[in-house]
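I opened a new page for this model today. My plan is to go through single residues, then helix pairs, then the interior.

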Amino acid sequence: MINPARQDIPRALRSRAFRLAARASSRRQPKALEEGTLRFRLLFDSSPAPMVIFQSGRVTLANAAAAWLLEARVPEALLGRDLMSLVHPDFHQVTLERLRMVNEEGQSTPPMEKLLVTLEGNPVWVQVQSVPLELPDGPAILVFAQDLTEQRRAAEDRLKLATELQHAQKLDSLGSLASGIAHDMNNVLSAVLGMATLMQLKYQGDAPLQKSLQTIEHAAGRGRDLVKGLTDFARKGLQEPQVLDLNELVRKEVDLLLRTSRQQFTFDVQLAEGLPHILGEPSTLGSAFMNLCVNAFEAMTRGGTLSIRTHRENKQVVLQLTDTGEGIPADLLPRVTDPFFTTKPVGRGAGLGLAMVHGAMKAHGGSLDIHSQVGKGTCISLRFPASAAGAASGPGEAAHETCPTCALRILLVDDDELIRGTLAPMLEQLGHQVELASTGLEALRRLRGGLAIDLVILDHNMPGLTGADTLPRLLQVRPDLQILVATGFQDTELRLLLAKFPSVLSLPKPFSIGELRGVLQGV
């Protein structure tokens, strides 16, 4: 429809007006384009989000935020850079695919996390999105980025904390498991150890038998130390430190290995002389050494050589074990000291050996280093801080002599018939008189009935009245009574009890006749 208001305007005048308007519009377009370009450049340069424009795979424009992200002094330092030089190699393939999508399909890409490489060669995590552009000089790609490095670092910290929590939970589980089996296991080992020491006393003239009995005694002691290592798995420090000669400890363990390991293995032992002593627990270190040797044997399925070396390294004493076994894949090395991690088939390992060694080294203020190559074997180095003390000291092993002190009247309280049947003869061999009780109630009844005794050897983990329940009741009847708590493991209840009654002695099961004699000498 024609506007009535314009019907009286001559056609010539209308045509001339249109031409003038068109000419004015064409004059305004370059100016508008210039103003739009200026506004875009202002927004681009001042944006806090890193932005880069690529053409033909190279940077043609970058803002200050992008320069800061990629560790360039100024945005101009990025110009002409190849796109792929700024992308981590792990993300090259996916980056090329997304560029093809933008170029060929003209589509913006959804946000994606990827790893870039700065001009200084440092990795930086970003979330990027690409948008196609049409510029006067051809097609281009505008890339927006968001720096995720701090978020990633925070996520890694959270993962580390979660891993540490999981590790702590595993230690708690292990502690509960070990506490559950420690008592019964140590009772069994007590019987083995006790009978071995008694037979050594009985057959002192039989040298071959003596050597075999000593091996049994040593093996039972090793079993005791293994259980102790499980119960002490989560501890942070040493409980019974001594100044030790590391070479002497290694010689004793190697002697046991030579008599018990299969003949398919060869030992190459070279111990440096004149090493400083170390501060440590012989039982814990002996178990750690044995764990490493057993692992080495299992890695050498067709036989091989286990090399054992000691040497001094600055202010450290180093024990090094090298096998010629299968080796450990590089991707598994960081996990081999994790509790319960194992690559062995079901039934051949619980994944605790190296974890216990690692814990033992931390408790000793040392370190554990593992180097391995598949098909060429594994080298494990234990590094201990040298002790300032000059000579090793420890409990004497004049173990099998009759106690020179006067005979004691002893009440042995233990619910395990195996313990009563082996510990009583050990005490009698040492010249003491022994009365037996199988429960705490029976011990209290006999004491209240007038039984004359000098010492009570009291088991801790018993049905009914435990050792912790029985002990204060015994002292109520006889405040001057000497009590020795013999236990397969020490729980929190017992530790608190021993702290409350400092005169009460304790001896961990299993123990040799020499260790028992040493404690009784102080009664």
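**Entry 1: two loop residues with positive phi**

I began with S56, which is exposed, with a relative accessible area of 80%. S56 sits in the loop that links β1 (51-55) to β2 (58-62). I checked its backbone: S56 is not a glycine, yet phi is positive, about 55°. The model is a predicted one.

Then I looked up N314. N314 lies in the loop between β9 and β10. Its phi is near 55°, again a positive value in a residue other than glycine. Is N314 buried or exposed? N314 counts as exposed, because its relative accessibility is 70% and the cut-off for exposed is over 50%.

**Entry 2: a buried loop residue**

I moved on to T118. I placed T118 in the loop between β3 (112-117) and β4 (123-135). T118 has a relative accessible area of 6%. Buried means under 20%, so T118 is buried. Which residues does T118 touch, leaving out those up to four places away in sequence? I listed L69, L70, E71 and V124.

**Entry 3: overall counts**

I stepped back to the whole protein. I noted 13 helices and 17 strands. The protein has 523 residues, and 42% of them count as buried. I also looked at contacts between residues at least 6 apart in sequence. Of these, 63% join residues at least 24 apart.

**Entry 4: α6 and its partner α7**

I started this entry from E248, a residue of helix α6. E248 is partly exposed, at 37% relative accessibility. I took one distance here: the C-alpha atoms of E248 and L271 are 9.5 Å apart. Along the chain, 23 residues separate E248 from L271.

Next I looked at how α6 packs on α7. Two packed helices are described by the angle between their axes and the distance between those axes. For α6 and α7 the angle is about 45° and the axes are 10 Å apart. The two helices are therefore oblique to each other. Their crossing is right-handed.

Which residues of α6 and α7 meet? From α6 I wrote down L249, V250, E253, V254, L256 and L257. From α7 I wrote down P282, L285, G286, F289, M290, C293 and F297. By class, this contact divides into 11 nonpolar residues, 1 polar and 1 charged.

**Entry 5: the largest nonpolar core**

F289 came up again when I turned to the interior. The largest nonpolar core has 37 residues. F289, L306, L319 and L382 touch the most other members. I then asked which elements give two or more residues to this core. The helices are α6 (246-260), α7 (282-299) and α8 (353-363). The strands are β7 (265-271), β9 (304-313), β10 (316-322), β11 (367-373) and β12 (377-385). α7 supplies the largest share, 8 residues.

I followed L306 in detail, leaving out residues up to four places away in sequence. L306 touches T266, F267 and D268. L306 also touches C293, A296, F297 and M300. The list ends with L321, T322 and D323. Apart from this core I found another, of 28 residues. Its members include L70, V87, I141 and L148. L70 was already on my page as a contact of T118.

**Entry 6: α9 with α13**

I took up helix α9 (residues 417-429) and helix α13 (residues 513-520). Their axes come within 11 Å and cross at roughly 60°. α9 and α13 are therefore oblique to each other. The crossing is right-handed. On the α9 side I noted L423, M426, L427 and Q429. They meet I513, L516 and L520 of α13. This contact has 6 nonpolar residues, 1 polar and no charged ones.

**Entry 7: α10 with α11**

My last pair was helix α10 (residues 440-448) and helix α11 (residues 467-477). They pack at an angle of about 5°, with axes 10 Å apart. Angles under 35 degrees count as roughly parallel, so α10 and α11 are roughly parallel to each other. G440, L444, L447 and R448 in α10 meet T470, R473, L474 and V477 in α11. I sorted this contact by class: 4 nonpolar, 2 polar and 2 charged residues.

Terms used:
Residues numbered from 1 in each chain as written. Predicted model: local features only at pLDDT ≥ 70, side-chain atom pairs only at ≥ 80, totals over all residues. Heavy atoms only, no water. Core = buried A, V, L, I, M, F, W, Y, C linked by side-chain atoms within 4.5 Å. Buried < 20%, exposed > 50% of the residue type's maximum accessible area, 1.4 Å probe, protein only. Helix = DSSP H or I, 4+ residues; strand = E, 2+ residues; numbered from the N terminus. Contact = heavy atoms within 4.5 Å. Axes fitted to C-alpha atoms, helices over the stretch in contact; angles between N-to-C directions. Parallel < 35°, antiparallel > 145°, perpendicular 65-115°, else oblique. Left-handed = near helix turned anticlockwise from the far one by under 90°. Nonpolar A, V, L, I, M, F, W, Y, C, P; charged D, E, K, R; others polar.
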